[in-house]
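Subject: Structure handover

Hi,

Here is the structure I said I would pass on. My notes on it follow below.

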Amino acid sequence: MRISLLGRLAGVAFRSLQEDCDIALGTVPCGGGATTCEALWMGVPVVTRSGATPVSRAGASILKTLGMPELIARNAAE
């Protein structure tokens, strides 16, 4: 198992990384909107945590709308 933590990347470089990903993790406290959509579009599942503020629920909202609520954690324990 390998985990890679990377900084911000330009569009082409970001999308090329998706080929090597098995799963993407949503960020806290700001759940990625565009990043979540791009990962899903490339076929990479996203696991995210729903937070207390609207911006922290962006990824959860996308996953719920797409019928994937099992990929949403409601708290740190999950």
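Start with a helix-helix contact: Thr36, Cys37 and Leu40 in α2 meet Gly59, Ile62 and Leu63 in α3. By class, the residues of this contact divide into 4 nonpolar and 2 polar, with no charged ones. The two helices, α2 and α3, pack at an angle of about 35 degrees. Their axes lie 9 Å apart. Bear in mind that this is a predicted model.

**Thr36**

Thr36 is worth a look by itself. It sits in helix α2, which spans residues 34–41. Is Thr36 buried or exposed? Thr36 is buried, because its relative accessible area is 4%, and the cut-off for buried is under 20%. Leaving out residues up to four places away in sequence, Thr36 touches Val46, Gly59 and Ile62. Gly59 and Ile62 also appear on the α3 side of the helix contact.

**Helix α2**

Now the rest of α2. Its buried residues are Thr36, Ala39 and Leu40. Seen down the helix axis, these buried residues fall within an arc of 95 degrees, so they line one face of α2. What covers them includes β1, β2 and α3.

The face of α2 turned away from the buried side carries the exposed residues Ala34 and Trp41. Ala34 belongs to α2 and has a relative accessibility of 59%, so it counts as exposed. Trp41 is also placed in α2. Its relative accessibility is 65%, so Trp41 counts as exposed too.

Two C-alpha distances go with these residues. Ala34 and Leu9 are 25 residues apart in sequence and 13 Å apart in space. Trp41 and Gln18 are 23 residues apart in sequence and 10.0 Å apart in space.

After the helix comes Gly43, with a positive phi near 90 degrees.

**Helix α3**

On to the partner helix, α3, which covers residues 58–65. Which residues of α3 are buried? They are Gly59, Ala60, Ile62 and Leu63. These four cover an arc of only 160 degrees around the axis, which puts them on the same side of α3. The buried residues of α3 pack against three elements: α2, β2 (46–49) and β3 (72–73).

The face of α3 turned away from its buried side carries Lys64 and Thr65, both exposed. Just after α3, Gly67 takes a positive phi of about 80 degrees.

**The largest pocket**

This part may interest you for grid work. How much space lies in the largest pocket? The volume is about 1200 Å³. The pocket is lined by 28 residues. The closest to its centre are Ser4, Cys21, Ile23, Ala24 and Leu25.

Three elements give two or more residues to the lining: α1 (11–17), β1 (24–25) and α2. Which element gives the most? That is α2, with 5 residues. So much for the elements; the chemistry of the lining comes next. The lining residues divide into 14 nonpolar, 8 polar and 6 charged.

**Gly11 and helix α1**

One last residue, this time in another helix. Gly11 has its place in α1. At 31% relative accessibility, Gly11 counts as partly exposed, because that value lies between the 20% and 50% cut-offs. Gly11 and Glu38 are 27 residues apart along the chain. Their C-alpha atoms are separated by 9.9 Å.

**In short**

Three points to take away. The α2–α3 contact has no charged residues. The buried residues of α2 line one face of the helix, while Ala34 and Trp41 are on the face turned away from it. And α2 gives the most to the lining of the largest pocket.

Best wishes

Key. Residues are numbered from 1 along each chain as its sequence is written. This is a predicted model: local features need pLDDT of at least 70, side-chain atom pairs count only at pLDDT 80 or more; totals for chains, interfaces and linings use all residues. Side-chain values use heavy atoms; hydrogens and water are left out. Buried means under 20% relative accessible area, exposed over 50%, partly exposed in between (1.4 Å probe, protein chains only). Contact means heavy atoms within 4.5 Å. The arc is that of the directions from the helix axis to the C-beta atoms. On a 1 Å grid over the protein atoms alone, a cavity is a set of points where a 1.4 Å probe fits but cannot get out, and a pocket is an open set with protein on both sides within 12 Å along at least five of seven lines; lining residues have an atom within 4 Å of a point. Grid points are joined across faces, edges and corners, and a volume is the space filled by probe spheres set on the points. Ala, Val, Leu, Ile, Met, Phe, Trp, Tyr, Cys and Pro count as nonpolar, Asp, Glu, Lys and Arg as charged, and the others, Gly among them, as polar. Axes are lines fitted to C-alpha atoms, for helices over the stretch in contact, and angles run from 0 to 180 degrees between N-to-C directions.
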